[in-house]
Each structure stands twice: as structure tokens, then as C-alpha cells.
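Colleague: I should be grateful for a close look at a single part of this model. Please describe one sheet and the charged side chains associated with its strands.

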Amino acid sequence: MDVIGVILFVVVLLILAIIIADSVRVVPQSKAAVVERLGSYHATWSNGVHFKIPFIDKVANRVTLKEIVHDFPPQPVITKDNVTMMIDTVVYFSITDPKLYTYGIERPISAIESLTATTLRNIIGELELDETLTSRDVINTKMRSILDEATDPWGVKVGRVEVKNIIPPRDIQDSMEKQMRAERERREAILRAEGEKRAAILTAEGEKEAMILRANAKKEATIAEAEGQAKSIEKLYEAQARGIEMINNANPNQAFLAMKGFEALQKVADGQSTKLIIPSNLQDISGTIAALSEIVKNK
């Protein structure tokens, strides 16, 4: 074999290697490939190793089967009460049919963005400003339902739609800030008034309880004092009774009784009596008792 033959053989081998290498295709996980044969759709390859016929089969499109997150720029929208604001959205979608995604529409991402903008304008146009600011969940749900239904022919499944930012005009923002500040001040005044009212109630209840406790203490002290005096008088009378009983048991003579009568008259004379009657016979006990009775009557 001459040199030219060797060169030709090597060239043929290289061409065959290139053709074989080009015929083998590896599709990664979570990817899909749309294959055309002679310009027409032939098959959709999932992950794995695949072979195509050289110069006849062609990979027309490679798509991802993962969920795609696309943040669309803010769009001007007008509310029902003619307030213009800027709203940007985030759409979460996935490709369920690579064939429809490839052949269903031209530039599907741009189509989804346009569809999102028009759907958002239609929904916001039915709401007033306050409803727009407080109804994000309603807006998200409506947009997801409309977009999911509209993108079915494109092989796209819309999982979620989120309103990211709602930016009203500057004058509206200033009015909202003033309203929020006034609302906070009103709540603060209400809380302060409720606190003062509660404090006054607690103070009155405390004074009431203190008065009740003082009255109960005074009552108990009076009762205790009265009981003490009663016991004291009772003890005094018991002592006097025991003394009389002891005297009776001793059977004193007349001289002892006369002496006790003199002592009693001496104590009576030291008082404030204005009239004093002394019996003629001090040894007569009945006369002494009569004298003492007369003194008591003239006090």
C-alpha cells in the first residue's frame, strides 16, 4: 500500500469515527430532546443513550423538565378607580410535553410573559386600589388558573404565580403612610385610655379592699376588747364571790367586821361624795350596808 492509500484509509477512519460519535447522543437527567427525521418530528428522547441516523435525524430542541422560575419586569396596570401602579410577577412553570413546547408556539417564554401582563391588567382592572393591595392571594389564584389553562397547548404547566411587588404612585404612598400613622396613633390612644381606665379600676378596688380590711380589723379589735373586758369583769366578780365565800367560811367576829367597816368608810371618804352617813353602831353590819347604799344613791 502506497502513502496515498494509507492517507485515504486514515481519512475514512476519521470520517467514520466522526459519524459514529455524532450518531451517539446522551441525554442527561431531567432533560429531554426533540428529534426530527428529514425535517419532521420523529421522537422525544428522555435521559439515557440514544442513536440517530447521520444526516437524516437531527436534534431540533433540548428542553429541561425541571421547574422554571421566571421573574418578569414590572408592568403598568390601572385599577378600577383609575390608579396607575407598577406590578411585577414571578411565574413558576414546568415543561410537561417537549414536543408541544417546541412546535406549539414561537418563543414560548416571551409568550408567557405577554400572557402574564395582559392577564394581570384584566384582573387588576376589576379591582379598586384597596382591594388590589389586600387581595394578593386572590390575584395569584386567578392568574395561575388562567395561565395554566392558556399554556396547556404549549406543553407548559403553570404551578404558581406570585405578585412580587405592588408599587402605587408616590402621592398614593404618601397618603397611605399618613393613614397608617393616624391609625397607629389612634390605636395608641385607645391602648393608653384602656390602661388608665384599668389602673383607676384597680386603684378603686384596692382602696375598697383596704377599707373592708380596716373595718374588719376594727371590728375584730372591738370584739376582742369587749371580750377582754367581759372576762376581766367576770374574773373580778369571781374573785369577789370567792372572797365573800372565804369570809363566810371563816365566820369572822364582830371586831373584825367593825374594822373592815372603818376601812371601807375611809376609802369612801377619799372620794367625791357630798353626803356621808355614819351609823351609831359600827358593829352593826346592816347599818354599814345602809350607809353605803345612801352614799351610792347620792353620787
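The reply below treats the sheet, then a salt bridge, and then a buried acidic residue.

Modeller: Please bear in mind that this is a predicted model. The part in question is an open sheet of three strands, arranged in the order β3-β2-β5 with antiparallel pairing. Strands β3 (40-45) and β5 (57-64) stand at the edges with a single partner strand each, so one side of each has no neighbour in the sheet. From one strand to the next, the twist averages 25 degrees. In general, the strands of a sheet pair through backbone hydrogen bonds. Here β2 (residues 31-37) and β5 are joined in the antiparallel sense over seven bridges, and E36 stands opposite K58 in β5.

A salt bridge also connects these two strands: D57 pairs with R37, and their closest N and O atoms are 2.5 Å apart. This pair links distant parts of the chain, since D57 lies in strand β5 and R37 in strand β2, 20 residues apart. D57 counts as buried because its relative accessibility is 5%, which falls under the 20% limit. R37, at 30% relative accessibility, counts as partly exposed.

For comparison, consider D88 in strand β8 (residues 84-95). D88 is buried yet has no salt bridge; K164, the nearest side chain of opposite charge, is 4.6 Å away. That distance does not qualify because a salt bridge requires the nitrogen and oxygen to be within 4 Å. A polar atom of the D88 side chain does, however, lie 2.9 Å from the backbone nitrogen of N165. The residues that D88 touches include F72, P73 and V163.

Conventions. Residues are numbered from 1 along each chain as its sequence is written. This is a predicted model: local features need pLDDT of at least 70, side-chain atom pairs count only at pLDDT 80 or more; totals for chains, interfaces and linings use all residues. Side-chain values use heavy atoms; hydrogens and water are left out. Two strands pair if DSSP finds at least two bridges between them. Helices (H or I, at least four residues) and strands (E, at least two) are DSSP runs, numbered from the N terminus. Axes are lines fitted to C-alpha atoms, for helices over the stretch in contact, and angles run from 0 to 180 degrees between N-to-C directions. Buried means under 20% relative accessible area, exposed over 50%, partly exposed in between (1.4 Å probe, protein chains only). Lys and Arg count as positive and Asp and Glu as negative; His and the chain ends are not counted. A polar contact is a pair of N or O atoms within 3.5 Å; within protein, one must be able to donate a hydrogen and the other to accept it, and residues adjacent in sequence count only if both atoms are side-chain atoms. Contact means heavy atoms within 4.5 Å. Lists of a residue's contacts leave out its neighbours within four places in sequence.
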